[in-house]
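Here is a chain to look over, along with some questions a newcomer might ask. Each answer sets a value against the rule behind a word.

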Amino acid sequence: MQKTKCWELLNCKDEKCPAYQSKDLKCWLILKTRCKNTLQNQLIDKLELCPECSVFKLNANDKLHREFLSAICKEYKYLRENLEIREAELENANAELSHNLIEITEALEKISSGDPDVRISEKSNIKVIQDLKHMINLTAMNVGEIVQQSHELAMALTEHFDVLHKVTKGDLNARVTGASNVELADIIAKVTNEMIESISGEINKRQQALSLLSATLESTADGILVVDRNAKIASYNRKFLEMWNIPDDIISTGSDEKALSYVLPQLKEPALFLEKVNELYSSPEKKSVDIIEFKDGRIFERYSKPQKIGEKIVGRVWSFRDISERVKAEKALKEIEALESSILSAIPHAVVGLKNRIIIFANNSVEKVFGWKPEELIGQSTRILYRSDKEFEEIGNLFYPVLQKMRTFSEEFVCRHKSGEDIICRVTASVIGPRLEDKKIVVSYEDITESKKLAAQLIQAQKMEAVGTLAGGVAHDFNNILTAILSYANLILMKISTDNPVRKYVNNIILASEKAAALTKNLLTFSRKQIIEPRPVNINEIINNIKNLIVRLIGEEIELKINLPDEKLIVFADPVNIEQVLMNLASNAKDAISDRGIISIKTEVIELDNEFIRIHGYGKPGKYVLISFSDTGEGMDEKTRSRIFEPFFTTKEVGKGTGLGLAMSYGIIKQHDGFITCYSEKGKGTTFKIYLPLINVKLQKNNHHESHYIVRGHGTILIAEDNEDVRKSAVEILVEAGYKVIEAIDGEDAIKKYLENRNKIDLLLLDVVMPKKNGKEVYESIKLEKPDIKVIFTSGYTYDIAHKKGVIADGVDLVIKPFVPNILLQKINETINRK
């Protein structure tokens, strides 16, 4: 069954309509819908669809058919009657329209022929025809007046054209003067006269402008030439002629070609000049700026552009400027700038120019000082060179007020390297220009970090050297006293029996003297005047040898950790001195640990390079054995750490420390060409690092041993000693050992005594340092008399210091004070019996 939806055909959108909602597709004519009574009458033409509609057929009955047919017939009758009426009305209207159009056409023909009396009836059933007839009658009434005005207007226009013709011929005084009854003619006359006035005024202005332009061209410093499209000279100024030295007879021809031919020989590169000219003439739109060089050294800047009137190109303008002096000045300026650049580059300090604290230039040395490339700093605030905003403000508040009064100011500041490292700089600022404007200054930053370190090291070294010199002098004098005490004490032992009760007191005197001698040895070690006996030794072996001693020293509550490599770490050192250093460090570490803790000793090989030396401020390039001695004690603050190597400086209670332990250790390591440093923080323990030069040699066995027995002998000895106590005690010992002795109290006395007893003396026993003549001078004088004379020197100084002072010769024997009798006697016996 065909499912025709009649509401779609009727364009129905009423969703509430039962027919619209019906799923059974019942006919809208059957259902009681609103559209049955409304749409049925309005859309009767759609009823023709119903006979074909399957729904209509299915639901229709006789009553529905009758209603349907009655509606169709009624509508048809109505439409038929209405059509007949409309056709009659149309026929009558066509007839009236035809008649009226003929009448209107005839009236218009008469009006066009000039008949102003034409009139037509304005009656008509058609409103449009009625209005048209009225307009024709009005037009006919005005035709006569229009004809008269047209004639007068023609006469006025004739005068108007005559006046315009005179104006075109240059008569700017011509005006339209005739009066007219036609308003349009008067308006045209007024407009024409105003136009002539305007043209006249504009021409006068242009003439004035041309005069001004001409004067301007003549007054300008540039040479100006204007050439038209036909290569004819249209205009020029006198400056152009003067610059190119063109004579009047050439320029008066107006030929650009002749002018070119005249100027080309003046140029260094005439072919290039001519090529450029031809290029521009062949490209009228093109602009150009270039430089021209003359054979006589002059230099012109040439500028050329097309000459236009509106958008039309009518020629070309050439402008020439003499820039010879400017080029010379620029060249000189470039040379100055190059010189300044070279100077700035040669300056080892960072130099920057500032405006309102913004960097506007920087030399190459900024990279060396701060790590920044110059181009990285340009445009940056100088804040980038300091550690904090606060310090940045502080330096600004310090410098700028001073620079208001002084042209230059300098101060030291801690700055910030690109790497984040702090550097100490001497900052020097100078005002740019006669006065301080926009905070324009030039600032140099001299990196004095290294010099500060060196200065601190120098002060420390000088202080240590001064104290060392004092300590050495005290030790020398003290050794003389101890020599006498030990000598007399040993003489007493020689004189008394073994069961004498006094013997124990003498032994105590000798023991105390030996302790005092050890103290003087420490002083001499600190002052680097103690004799050392270096040899190739294995550092690891030294540490293992004293390991048990360190354990007994630090006690059971402190753990000792030792980390040593298997390889032998060979250095050139005195093992006794190195042991003493390690024992001193162990003693200090023990005191620093309040309860339980750890002491660690570690050795390794390290190579010091130039970068290490630059950063740390000490060392020499090469391989070293590094001994790291660490403890977990309470540590030290920076103030204490900076003084630990000073002699007699101690943080211990009175009576518990001499303050010489670390000072002595410092001296020992320096004597071994090494370095010792300390790293410590409060509450974080302490680490000492000892650097000793590594050597590549094999170890040799040491068979040295000392003799402790008294050696007796015979012969005559000349002893020269300015210290009476030492001299008297030595004489007693020598006499007791079987020698004959001749005494001398100074150097000159020694020479005198030798000359008096030259054939008796077997050995010279000379103090190194004596008044009037020292031991070496005495020896040299006596050698002139007896070249093979045997000699032993004594001194409170070490061999190396005595040799450095030049008071002993190479290869001679030296006995160091304080000495005990058996050591001195053994050396005398060996020397006298030496062949």
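What follows is a short round of questions and answers on this predicted model.

Q: What makes up the secondary structure of the chain?
A: The chain comes to 27 helices and 22 strands. Of its 835 residues, 39% are buried.

Q: Why is Glu646 called buried?
A: Buried means under 20% relative accessible area, and Glu646 has 11%, so the word fits. You'll find Glu646 in the loop between α21 (638–641) and α22 (661–671).

Q: How far apart are the C-alpha atoms of Glu646 and Tyr666?
A: They're separated by 9.1 Å, with the two positions 20 residues apart along the chain counted as their distance apart in sequence.

Q: Why is Ile481 called partly exposed?
A: Its relative accessible area is 45%. Buried would need a value under 20% and exposed one over 50%, so Ile481 lands in between and counts as partly exposed.

Q: What makes Ile481 open enough to belong to a surface patch?
A: Patch residues need over 30% relative accessible area, and Ile481 has 45%, so it passes that cut-off. Its partners in the nonpolar patch are Val474, Phe478, Ile485 and Ile509, and the patch covers about 380 Å².

Q: Which helix gives the most to the nonpolar patch?
A: That's α16 (residues 449–495), with 4 residues. Ile481 is found in this helix.

Q: How do you know that the span of α15 is close to the expected one?
A: Helix α15 (residues 389–403) has 15 residues, and at 1.5 Å a residue the expected span is 21 Å. From its first C-alpha to its last, α15 reaches 21 Å, close to that expectation.

Q: Why are the buried residues of α15 said to line one face?
A: The buried residues are Glu391, Phe392, Ile395, Gly396, Phe399, Tyr400, Val402 and Leu403. Looking down the axis of α15, they fall within an arc of 160 degrees, so they line one face of the helix.

Q: What does the face of α15 turned away from its buried side carry?
A: There you'll see the exposed residues Asp389, Lys390 and Asn397.

Q: What covers the buried residues of α15?
A: The cover includes β8 (408–416), β9 (422–431) and β10 (441–447).

Q: How much of the accessible surface of the chain belongs to carbon and sulfur atoms?
A: They hold 53% of a surface that comes to about 49,600 Å².

Methods. Residues numbered from 1 in each chain as written. Predicted model: local features only at pLDDT ≥ 70, side-chain atom pairs only at ≥ 80, totals over all residues. Heavy atoms only, no water. Patch = residues over 30% accessible without salt bridge, like charges linked within 9 Å, V, L, I, M, F, W, Y side chains within 5 Å. Areas by Shrake-Rupley, 256 points an atom, 1.4 Å probe, with all protein chains shown as cover. Salt bridge = Lys/Arg side-chain N within 4 Å of Asp/Glu carboxyl O. Helix = DSSP H or I, 4+ residues; strand = E, 2+ residues; numbered from the N terminus. Buried < 20%, exposed > 50% of the residue type's maximum accessible area, 1.4 Å probe, protein only. Expected span 1.5 Å × (residues − 1). Arc of directions from axis to C-beta. Contact = heavy atoms within 4.5 Å.
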